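Here are some notes to read alongside the model. Please keep the structure open while you go through the points.

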Amino acid sequence: MSKKLQGNLNLNTIQLKKGELLTEVEELCGENLFGCYQCGTCSAGCPFVDEMDLSPDEVIRYIILDRKEVLNSKTIWLCSSCFTCAERCPRDINITKIMEALRQIILRKKIDRTNIKNITKDEKETIPQMAFVSLFRKNVG
Ligand code: SF4
Ligand code: SF4
């Protein structure tokens, strides 16, 4: 059964042809996704898995199956690039880089995850500057 993913991206704006998702991800990250044997070790160690709408191993499965709705997953934005999954994967697959590749597919279409204009005056005054720098690096193309 298909999951209800929590993003609101219009997938038509991404314009990937049938079967292109895997190729594009592999080109961007340099990983061989077919090496994954779906053991789930990556997901078991991910500190944010409980908040994700797709677990890291599911993200890989979606890409292999050319299920572009993975681009509408909250998971790719929740990933903190902590590299725990990449360190633990028995097949040496760097899932952190795969998550980054998925974000890049969106950001390179000039679709920002965070609208800078929506940051309130109060947030600007209370949130540490470093947090904004990290946010912009990850969420703005
Ligand atoms: S730990 Fe590696 S082999 Fe196991 S599911 Fe995750 S990516 Fe696949
Ligand atoms: S890099 Fe991302 S997916 Fe991997 S364990 Fe950390 S938060 Fe989870």
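**Notes on the model**

1. Let me begin with a backbone detail: D66, just after α3, takes a positive phi of about 60°. Helices here are DSSP runs (H or I, at least four residues), strands are E runs of at least two, and both are numbered from the N terminus. Please bear in mind that this is a predicted model, in which local features need pLDDT of at least 70, side-chain atom pairs count only at pLDDT 80 or more, and totals for chains, interfaces and linings use all residues. Residues are numbered from 1 along each chain as its sequence is written, while chains are lettered from A and ligands numbered from 1 in the order in which they are written.

2. Two other residues are worth a look for their phi values. F83, in the loop between α4 and α5, has a phi near 70°, a positive value in a residue other than glycine. K110 sits in the loop between α6 and α7 (121-126), and its phi, near 60°, is likewise positive in a residue other than glycine. Are these residues buried or exposed? F83 counts as exposed because it has 12 C-beta neighbours inside 10 Å, and K110 is exposed with 8 other C-beta atoms within 10 Å. The rule is that a residue is buried if 20 or more other C-beta atoms lie within 10 Å of its own, exposed if 12 or fewer, and partly exposed in between, with C-beta atoms placed from the backbone.

3. Next, ligand 1. Its surroundings comprise 14 residues, and C36, C39, T41, C42 and C89 come nearest. Here a residue is near a molecule or strand if its C-beta atom, placed from the backbone, lies within 6 Å of it. Both α2 (41-45) and α3 (56-64) supply at least two residues of this shell. By class, the shell around ligand 1 has nine nonpolar, three polar and two charged residues. In this scheme Ala, Val, Leu, Ile, Met, Phe, Trp, Tyr, Cys and Pro count as nonpolar, Asp, Glu, Lys and Arg as charged, and the others, Gly among them, as polar.

4. Which residues are closest to ligand 2? They are C46, C79, C82, T84 and C85, out of 14 that surround the ligand. α5 (84-88) and α6 (95-107) each give at least two residues to the shell around ligand 2, and α6 has the largest share, with three. The classes in the shell around ligand 2 are ten nonpolar, four polar and no charged residues.

5. C79 deserves a point of its own. This cysteine is in the loop between α4 and α5, and it is buried because 24 other C-beta atoms lie within 10 Å. C79 and F48 are 31 residues apart in sequence, yet 7.1 Å apart in space, C-alpha to C-alpha. Not counting residues up to four places away in sequence, C79 touches F48 and M99. Contact requires C-beta atoms, placed from the backbone, within 7 Å.

6. Now to α6 itself. With 13 residues, α6 reaches 18 Å from its first C-alpha to its last, close to the 18 Å expected at 1.5 Å a residue; the expected span is 1.5 Å times one less than the number of residues. Its buried residues are I95, T96, I98, M99, L102, I105 and I106. Their cover includes α1 (20-29), α2, α3, α4 (75-78) and α5.

7. The largest nonpolar core has 25 residues, and V59, I63, V70, I95, I98 and L102 have the most contacts inside it. Such a core is a set of buried Ala, Val, Leu, Ile, Met, Phe, Trp, Tyr and Cys residues joined through C-beta atoms within 7 Å. α1, α3 and α6 each supply at least two residues of this core, and the largest share, six residues, comes from α6. Leaving aside neighbours within four places in sequence, L102 is in contact with V25, V70, L71 and I76.

8. Finally, the domains. An automatic or database assignment gives domain 1 (16-109) and domain 2 (113-141). Their centres, taken over C-alpha atoms, are 24 Å apart. Four residues of domain 1 are in contact with four residues of domain 2, and the touching side of domain 1 has two nonpolar, no polar and two charged residues.

Conventions
Two residues are in contact if their C-beta atoms, placed from the backbone, lie within 7 Å.
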